[in-house]
Structures are given as C-alpha cells and as structure tokens.
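Q: Hey, could you walk me through this structure? I'm new to this, so plain words please.

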Amino acid sequence: MSPRSDWSPDSWRSRPALQQPVYGDRKALARAVAELERLPPLVTSWEIESLKSQLADAASGRAFLLQGGDCAESLAECTSPAITAKLKILLQMSLVLVFASRRRVIRVGRFAGQYAKPRSADFEEVAGARLPSYRGDLINRAGASAAERAADPELLLRAYERSALTLNFIRALVDGGFADLHHPEYWDLGWVEHSPLAAEYRRMVAALGESLRFMETLAGQPVAEMNRVDFYTSHEGLHLLYEQAQTRRVPHREGWYDLTAHFPWIGMRTSDPEGAHAEFFRGIANPIALKVGPATTPERLARLLDLLHPDDEPGRLTLVHRFGARGIAAGLPPLLETVRASGKNVLWCCDPMHGNTETTGSGRKTRRFDDILGELEQAFELHAAHGTRLGGVQFELTGENVTECTGGARGLTNDGLERDYRSQVDPRLNYEQSLEMAMRIARRMGPESDQPADAALGSPPRIAPTR
Ligand code: PEP
Ligand code: CO
C-alpha cells in the first residue's frame, strides 16, 4: 500500500474518538504508552503481507476465512488449556471446512490481543451501585467496585504481555507439529468421544488421512507443508493509543504497520467515516476488516470504501456483516449493491453472532444456535443470488464446554445456561456447538467444481508466523 502523505499514526487525534477510556492519572498513561512504543512488536510485516495475499485468495474464491475466538479475552484465562482448546476447535472446524469445500482455509484467531470491548453505556448498575462499565482487561477490571472499574494504564502493558505469551505458546505449538495434519489425534478434544457428531467427524478425518496418503504416494515423499498450519491474530482495534504505540515503519517496506495483530478490525460502534478509528485504519498497511450492520447506510459504506480501500489492493478490506437472522435479508442486499457500484473487490465475511444476541428472563445474554445458523444460511443464499461470494465466517467461540448459547445437537435450554456460563461479555458457542456449526455450513458449501481436493490440501508454501 502506498503511504498517505496526509496521515500519521496520531492523526486520528484530530477526530472524535468514541469508546476511549478516561484515565485519572495522565502521567501514568504516558509512561505506559512510552513503554509500549519501546517494546518489540507482537507480529511482523512479512506475516501480515502473507495473510493479506491469502485474504485476496479468499476474496476470489480460492480460500475461505475462518475467524474465531472469545468475545473478550481475559488476562486470567491466558492458560495452556484455554489456548490449546481454542487452537484445537479452530483446527477441527477448518478441517471440516477444507474437507467439504475443497478450499484452503485461513485460520484467524480472535486471540493474543482481543482485550478491549466497546460498550453501549459508559455506566452500568451492579448490585445497586452505579459503576463505570467494564471495557475489557486492557482497560479496567470486571469486579464490582469503583476501584476495579477505574481505567488503569498498567493494564495496557499486562495485556500486551499476555498477548505475547499467548502468541509465543501458539508459535511453539505450531512449530512443534501440534497442528500436523498427519496426526489429527493431537488436537482431539476430550469430549469428542461423547459428542453426537463424533462419528461424522471421525469419518472426515479418516477420509482426509486417505487423501494425504494418496498425495504422498503420488509425490513419493511426505507433504512437508502438512506438518504445520498457520494461525493469524486479530482483534478489534478499539483503543487507539494502544494501537498507535505499536504502529511502525519497517525496513524494506513502504508504509506503516500496526504490529499488535495481523488483522485488526473496526467495530460497529466506531465505524463513523468521520471518526478517529476510520482515520487511524486508513493509514495502516495491514489487511483490515470493517463490521457492517443495520447502522451502515449505503452512503456511509461508499465513503468508507473510498477512505479505507482507495487503491483496491487485493486482500486489503474485509467487510464483516452482522445483521441478525431477522435483519440480513433486508439489510445485506443494499450493501452488496454499494460495493458492486464502487467496482472494488472486498472479502465478504459473515459474523452471525452480534445481530442475534438476546437476554433471557433471568438476565443472561445468550444466542440461539438456530438463529446463528439461520443467518449464515441466508448469507450464503443472498450472496449467491447477487453474484457475490461469502468468503468467510467469524464466530465467538471457545474450545471449552461452556453453556452460553442455547440449542445445538444437545438442545441446551435457557435453564441449562446456568451450568457453566463464564463469558464476561458476549455468549460463545462451546466446543460441540462450534463443531456442529462447521459441519452444518460445510454441508451448505459443497465442493467448488474448479477446486480439486489436492488444491485445498496442497496449498502453496507460505510463511508461517513461526518463521
Ligand atoms: C465483537 O465482535 O465483539 C463486537 C463488539 O462486534 P460489533 O462491533 O459487530 O458489535
Ligand atoms: Co462480542
């Protein structure tokens, strides 16, 4: 991407910046930001460029984007079991999608940095007290006291460090062969044994193993690329001081890279084209995503396409639509038309989570499996009807056996939510619901006639984040 002469990493400061915390101690904030500026980056520009070219493939139908992870990561859950469980479920889902679609699947986690949350209100009632809203572990603490809810600049450093620890562990696991397609048993999750879907999943794994052996017989040697699988990182680029502190120039490349994540996104609430977030994202060279939904008018989207995607660079812009099962049929077509009229190429991705959130009688935020699936199925159909292509999905999910969304093969009910509801913010699909979701969409996708199985398996050499 060519650098913009009228942009700098802090030019967003001249624009209204929504959803930014207010810090009591400005000096402590300046110290924390200065430290973040000195510390090494979390990711590198060559990983970012590699992802960008893969996203360009997804936009043109040669790959499919699978993005998933927590609504909000928590500092406390930076643990080996939580991280491996997330990798395992993403691997399993991607295997199902590769198998069904015969397309390469790009795995992007909502992890190693998904610590900041936009909130609809600045204050909330907790046990009768009016407290500042919890904004994610990057900013304040979830506890129910004024002290815990105060924005703490030290948390910027703690979240950066936990992101680095998470990424370090993921890189080491991938390097060590954790994601080796020859050994899918490495990434089995314990309770797959008891899942109603276990048999179907095992059949797919066995068939994939067959294809792999077939290819290796033909090639006369092991398919080395199959020993490792890439994961990329993404988070909502919400806290602009944090993003700015890690936005840098790099040797031998033009432009500025936001090195906190490979693939940051602009959330729904901060997508005003005149706002600070659009200004910041306009100037970074990363592939970026933009959430679009009921509040995105065609005029606003047209303006954002001009701002964020002026050069129509392949892989640069992903539009993530999130209308809800009841809103997508009316909401999506005008946006598809706006992009068509612009003549630009984007990657279309569906987030079937954020338009389908509801609150139960007992005050739990939840989502119904059937609404999530229903939005996705409509998304496939609406794109097909408009001659566009759904090239990716984004889920809030976990590899653990939580009870936050209702429905799925085990028919989890509202009462069942109490058994293990952990999310501090939005409800996630649990392991079994996630795998079932992948299987249900895989049935929909079907193989593309121009994509032989080996094209999906034998992807061209890529730079993995571990190198
Ligand atoms: C999210 O992805 O967690 C989120 C807050 O989404 P949105 O900005 O689409 O509401
Ligand atoms: Co969320």
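**Surface, fold and a metal site**

A: Sure. One thing up front: this is a predicted model. About 18,200 Å² of the chain is exposed, and carbon and sulfur atoms supply 51% of that area.

Q: And how much of the chain counts as buried?

A: Of its 467 residues, 60% count as buried.

Q: OK, what about helices and strands, how many of each?

A: The chain has 13 helices and 14 strands. Its radius of gyration is 21 Å, close to the 23 Å that the globule rule gives for 467 residues, so the chain is as compact as a globular protein of that length.

Q: What size of box do the C-alpha atoms fill?

A: Roughly 65 × 55 × 45 Å, taken along the principal axes.

Q: What about contacts, how far apart in sequence are the partners?

A: Take the contacts between residues at least 6 apart in sequence: 78% of them join residues at least 24 apart.

Q: Switching topic: which residues hold the cobalt ion (ligand 2)?

A: The protein donors are Cys 71 through SG, His 354 through NE2, Glu 396 through OE and Asp 426 through OD. They lie 2.1 to 2.4 Å from the cobalt ion. Along the sequence, the spacing of these donor residues reads C-x282-H-x41-E-x29-D.

Q: Where do Cys 71 and Glu 396 sit in the chain?

A: Cys 71 is in the loop between β1 (63–69) and α3 (80–101), while Glu 396 is in strand β14 (residues 390–396). They're 325 residues apart, so this pair links distant parts of the chain.

Q: Are those two buried or exposed?

A: Buried, both Cys 71 and Glu 396.

Q: Now a couple of serines. Where's Ser 434?

A: Ser 434 is in helix α12, which covers residues 431–445. Its relative accessibility is 0%, so Ser 434 counts as buried.

Q: Which residues is Ser 434 in contact with, leaving aside its neighbours within four places in sequence?

A: Ile 89, Met 93, Leu 397, Thr 398 and Leu 429.

Q: And Ser 145, where is that one?

A: Ser 145 is in the loop between β4 (129–132) and α4 (146–149).

Q: Why does Ser 145 count as partly exposed?

A: Because Ser 145 has 26% relative accessibility, and partly exposed runs between the 20% and 50% cut-offs.

Q: Last one: how far is Ser 145 from Val 126?

A: They're 19 residues apart in sequence, and 8.8 Å apart in space, going from C-alpha to C-alpha.

How values were computed: Residues numbered from 1 in each chain as written. Chains lettered and ligands numbered in written order. Predicted model: local features only at pLDDT ≥ 70, side-chain atom pairs only at ≥ 80, totals over all residues. Heavy atoms only, no water. Helix = DSSP H or I, 4+ residues; strand = E, 2+ residues; numbered from the N terminus. Rg over C-alpha atoms; globule rule 2.2 N^0.38 Å. Buried < 20%, exposed > 50% of the residue type's maximum accessible area, 1.4 Å probe, protein only. Contact = heavy atoms within 4.5 Å. Areas by Shrake-Rupley, 256 points an atom, 1.4 Å probe, with all protein chains shown as cover. Donors = N, O, S within 2.8 Å, 3.2 Å for Na, K, Ca; no water.
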